[in-house]
Each structure stands twice: as structure tokens, then as C-alpha cells.
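Colleague: I'm new to reading models like this one. Could you pick a single spot, take a close look at it with me, and then work outwards from there?

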Amino acid sequence: MDLISNIFSTMRVNASIFLHSSFCSEWVIDLSDGNLATFHIISHGDCWLHLADREPVALHEKDLLVLPHNASHLLTNSPNPPRPDTPRNTPAEVISGTTVTLICGTVDFSQNYWNPLVEALPEYIIMPTLSSRGATLTNVINSLIDECERNEAGSEAIIDRLSDILFIEVVRNYVKKNHGSDFLIAMSDKKIGKALEALHADPGNNWNVQNLAEVACMSRSAFAERFLHLIGTSPMSYVTRWRMQHAHCKLTETTESIGDISASCGYQNEESFGKTFRKEFGFSPKAVRRRDTAAEINEMLCVGSEDSAPVKTLYSSREANHLRNNNEATFVDVRDANIYEQGHIPGAVNIPELFHTLSMTTPDGLQELETSLVRLFRKAGISNDKTVIVYENNLDSQFGASCRGYFLFVLCGHPNVGLMDGGLDEWKKEGYPIDNHPVQATLSHFKAEIHRGALATLDDVLMSFEHPEIKLLDNRDKDEWLGISAAPAALYGDDFVPRKGRIPGARWIEWHEFMQCSDGVFRFKSQDQIFAICAQVGLYPDDDIIIYCFKGARASNTYIALKLAGFKHVRNYYGSWNEWSRNASLPAVSAKLLG
């Protein structure tokens, strides 16, 4: 495998389109708070790129602009700086006069630790339509424009894959031109390039400066000197860093044992490998593999701790209305669209997908979930700096759909998200206003920082079989726990397939036990009441608890109840029984045994 392919296969590209719209008159695309690599295709018309402390740059029809390092930038209709009151990120509702059509996307990597190839790229790259940018790149650009304009069934999946290819093609075209970065020069160097390609292809080889120099057909001293000059670090420091990147990738994307991964990185001693890994990342290989289990939760410095969850969870109707009057909150209605249109909180955006969105807890499944959620949040105008308040009719009216919405915002790292205590029912009882006009949201540039401390995966549940300190809590309805039904019987009926049963070793508390009703409004019980309910099945505030139900709503409801009561280590198994029961190879206490 060539060097470019090797780097991109280890650090998988995840690109997606977040905007395809037309603009006219005065307008601004403001990406001053971006946290991902960004690209823009000028599908129609001309515009200008504005970067801090640089002269504006003209962009023309069919040009491609790529910003590999999250650089803050503006796209505008003019070379002059935009006025403060110019509409930002707001496509034209009525097209008239000079029009510009843009396709804008972001690029992320499954492994964000270190990418020497992307690090070597400049602040921005423009691939003009008239340049020798290569037939493949031109064809990809034309295909992206065509798919965005056609918007047919399957277009979204095709667009995402074309976006991945687009970014890799940009890098390949740029490397061919051998621009001035030392790493790019090193890649093209006939001798150093050979050594780089060899160690990337086989990080487990017993590499040292001497045998790398032999691959490069150089003397040891000449090789070490030229390597340091071009790449800025010694050969063995580079080898160690790439081995650790390779190991991190395998820990998060495969089920290989830590011992096998250690050997694949050239370490005969697992302890030595662990020390090197911890020195490089600040936490152990086991912490990465276990993804925040209780024993090592404080070591996961890069993926968020329990403290990163929002401080305030429940908002009364009075508090919520105060935030609404001061334009300090975005309200998210998770009910179905036809119910939302009958009456909702004024200004509330409708995201019913938060109740229905499913995902497997494989790396690919979670990446797909993150991508789809970010797309939904951007389309709904969600920003990172404005409080989000999620609601439904009541806290239990859709099996806790608003709780599921809250959990997904927490999972995406939103810093300030809460629930409407009592839901819309309480809002109406207090006499606050209701609107029945659908809200047309303004596109935002929401950025996600996945909070893994809230999430449990299938691997984490399997880990509980080996570590009894991890306790599973099944909070499904009683007929599901008893194996009469596989899912909520009210929705699916008793005979719904997949398997009926439960995960071995799980304890059971029906989700409704944590709630109480007063005047028709459901709220969570007190801390003492929740403690007592959990103690009955041997669950205590310092335990590491993984909750599961059928699809995640009821588990999210219980997740919130336990967090409100002060339980320290609580995770929601997002795949839940829906994922577990469909895999016949996974152990389950069957309905026959339960009966």
C-alpha cells in the first residue's frame, strides 16, 4: 500500500455536506467557530474568501476551496468586509439578481490524534476550475454538484462518499505538485520516501535507524541527519509516534486483544507497550478499549469525563419562558410533525428524528450516528453557545422521547442542554403561549465533541461479564423483562421478533418506578426515593451502571433520574436490546428459561 493510502486507511476520512443553497444580494457564510476541516464548491457564480490578516481572495464558478486546519473564515458576495448586520448563514428565500450557489462540507477523521499528511497542508488550498487539477477531481466535483441538484433517493449516501473521495483527491493533487512542506518533500524524496513507506506499511517490524537507512540505501548517519532535517524529528521518534497512532486505531476499531495489538506495533512485552502508549496519550490502552469504565474514567483525558455533562438538567416552565423572552434558548420539540403543527412553544424547532434515530454501537455505527445528528442539529439551527431545552407533551408521553433527545445532545457534547420539567402539559397549565406555525430554522454550524463518558457500547456490556463491578440495569416494561414480548407491546405486540429475553446478569427496575404523577404531570422522584429503589436491587451511587431498554428512550429517562440523584458513573447502552437481541451469537436469558 502506498504512503498516502496507508495514512488515510489508518485515519479514516469522514466527510459530509452541511449546506447546498443559493445566495443573492448581500450575504455571509460565517465559519468563524468551526472545529473541522472545511471545503466549499462554488457551484454557480463568484464570491470572495476572507481570512484574518489576509487580503480577500476571489473564487469563481466550479472552483474548489479546502481549509484543512479549521481556519476561521468568511465567504461573502464582496471583497469588502461585510457589515455587522449582513445576514449570516441565511440562504435566499427569493432568488433575484446576481446569484451564488454553494456546496459546503466538513471533513473529520476517525482518529484525530495525529495526521502528518494533513498537518503538512497549508492554511487553505484553492483548486481553480481552469487549473490542471486532474480529471478524477474534476469528475468528482461535477458529480457532487449533480447529486446535490438532483436530490434523488440515495443521493445523501452518494454525496457523503463522493465527499470522502474529494478530500483525498485534493491531498493527492496537492502532493503531486510537491509544495514546500518538509513532510511532503520527504514523501517525494526517493530515499526518505522509501523508508517512510516501509515503516508505515509494517509498523510491527523491528525498526531501528540502521535498517531504515538500509531501506533508504543510505548510510546510518546521513539518513538520520536528512530525516531530521526534512521531518523535524528523529527516525525512531517518528516510528514510535506512528506505532501509537496505529495502536489507537486498532483499539477503537477492532476487537483484537491488547497483546496482539502490542505485537503488531513491534512490542514483545505488553507492559512496555502500555507504558509507551500512556506516555504518548496520557492514558492506558485498556482505558481506550473499555471506553470510560469506572476503574479508569479519570484517565480518559481526550474524550470527556462525567463532569462534561450539563450542570442543569431540568427547567421549570417559568425558567424556560424567561430564557425564551430573552432569546437565550432554542426549544426542541421531539414530537411527530403532525402533532407539533397542532401547537408548540413559539419558536420551537421540530426534530422528531431524535426519538427514531437508531445506530449500532460499532465504530462505523457511532460515526454514522454522529454524522446524522450533526446534520440534523445544523439544519435545525442549533448552536453551541445557546441553551437547548428539549420537550414533549410530558416526560413519559413517548417512552421518554425528550429524555432521549436530551441524551443525544449530551452525547454530542452540547455544553448547555436541559429538559422541560413537566413538558408541554406543564407549559400549557401555566398559561404560557402556544403557536401552530412551523418554524423555518436558520442553518447553523453546530460542532460536536462526543462525550463518551455517557455512552456504553456492545463491547462495554460484554466487558461486564468479566468485571462484576460493572452492573447492568434493564429498565424495560415488565412483559419485556419476563420474555412475554421483545419490545414495548403497546407498539409492537407480544409476538414481535427479534429474540425475547434479557442480557445475562442484568438487574431490573421498570423505568416508570423513577417517576411520580401530580395533577396529571409526571416528574422524577426525589433523590432519597431513587436511592431506595436502586438499593432494592443492589445498585449504589458509586457503582458503574450501564442501562439498557429496547431503543434508548426509557434508558435515557433512567439515565437522567440516576444522574439527578447523584449517581456518579452512569452510562446508556445506546444499542440496547434492539442491537443485542438481533445478534444470535450474543448470550441471552431466553424467554423459554424465563417462562
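Modeller: Sure, let's start at Leu 472, which is buried, with a relative accessible area of 3%. Keep in mind as we go that this is a predicted model. The cut-off you need here is simple: a residue is called buried when its relative accessible area is under 20%, and the 3% of Leu 472 falls under that. You'll find Leu 472 in strand S16.

What is Leu 472 in contact with, once its neighbours within four places in sequence are left aside? The list is Val 461, Ser 464, Ile 503, Pro 504, Ala 506, Arg 507 and Ile 546. Take Pro 504 from that list: Leu 472 and Pro 504 are 32 residues apart along the chain, yet 8.9 Å separates their C-alpha atoms.

Now zoom out to the strand itself. Strand S16 covers 470–474, and S16 belongs to an open sheet of five strands with parallel pairing, in the order S15-S22-S21-S16-S18. Which strands stand at the edges of this sheet? They are S15 (455–456) and S18 (507–508); each has a single partner strand, so one side of each has no neighbour in the sheet. For S15, there is a parallel pairing with S22 (residues 569–573) over two bridges, and Ala 456 stands opposite Tyr 573 in S22. If you wonder what pairing involves, strands of a sheet pair through backbone hydrogen bonds, either parallel or antiparallel.

There is a helix to add to this picture. Helix H19 (residues 458–466) lies across S15, S16, S21 (544–548) and S22, and H19 runs at about 115° to S16.

For an antiparallel example, go back towards the start of the chain. There, an open sheet of four strands has antiparallel pairing and the order S2-S7-S4-S5. Its edges are S2 (28–31) and S5 (57–59), each with a single partner strand, so one side of each is left free of a neighbour in the sheet. From one strand to the next, the twist averages 20°.

Strand S4 (residues 47–51) is a good one to follow in this sheet. S4 pairs with S5 in the antiparallel sense over three bridges, with Cys 47 standing opposite Leu 59 in S5. S4 and S5 make a hairpin with five residues between them, and Asp 53 in the turn has a positive phi of about 65°. S4 is also joined to S7 (residues 73–76) by four bridges, again running antiparallel, and here Leu 51 stands opposite His 73. Is S4 enclosed or open? Four of its five residues are buried, so S4 is largely enclosed by the rest of the structure.

Positive phi values turn up in loops too. Ser 25 has a phi near 60°, positive in a residue other than glycine, and Ser 25 sits in the loop between S1 (13–24) and S2. Unlike buried Leu 472, Ser 25 is exposed, with a relative accessible area of 59%. Phe 399 has a positive phi as well, near 55°, and its place is the loop between strand S13 (387–391) and helix H17 (401–411).

Phe 399 also takes us to the empty space inside the model. Rolling a probe the size of a water molecule over the atoms shows where empty space is left. How many cavities of 30 Å³ or more does the structure hold? It holds two, and the largest has a volume of about 90 Å³. Phe 399 is among the residues lining the largest cavity, which also include Phe 355, Arg 404, Tyr 492 and Lys 551. Helices H21 (489–492) and H23 (553–564) are the elements that give two or more residues to this lining.

Last, a word on the cysteines. A search of the whole structure finds zero disulfides. Take Cys 249: the nearest cysteine sulfur belongs to Cys 265 and is 10 Å away. A disulfide would need the two sulfur atoms within 2.5 Å. Cys 249 counts as buried at 11% relative accessibility, and Cys 412 is buried too, with a relative accessible area of 0%.

Key:
Residues are numbered from 1 along each chain as its sequence is written. This is a predicted model: local features need pLDDT of at least 70, side-chain atom pairs count only at pLDDT 80 or more; totals for chains, interfaces and linings use all residues. Side-chain values use heavy atoms; hydrogens and water are left out. Two strands pair if DSSP finds at least two bridges between them. Axes are lines fitted to C-alpha atoms, for helices over the stretch in contact, and angles run from 0 to 180 degrees between N-to-C directions. Buried means under 20% relative accessible area, exposed over 50%, partly exposed in between (1.4 Å probe, protein chains only). Contact means heavy atoms within 4.5 Å. On a 1 Å grid over the protein atoms alone, a cavity is a set of points where a 1.4 Å probe fits but cannot get out, and a pocket is an open set with protein on both sides within 12 Å along at least five of seven lines; lining residues have an atom within 4 Å of a point. Grid points are joined across faces, edges and corners, and a volume is the space filled by probe spheres set on the points.
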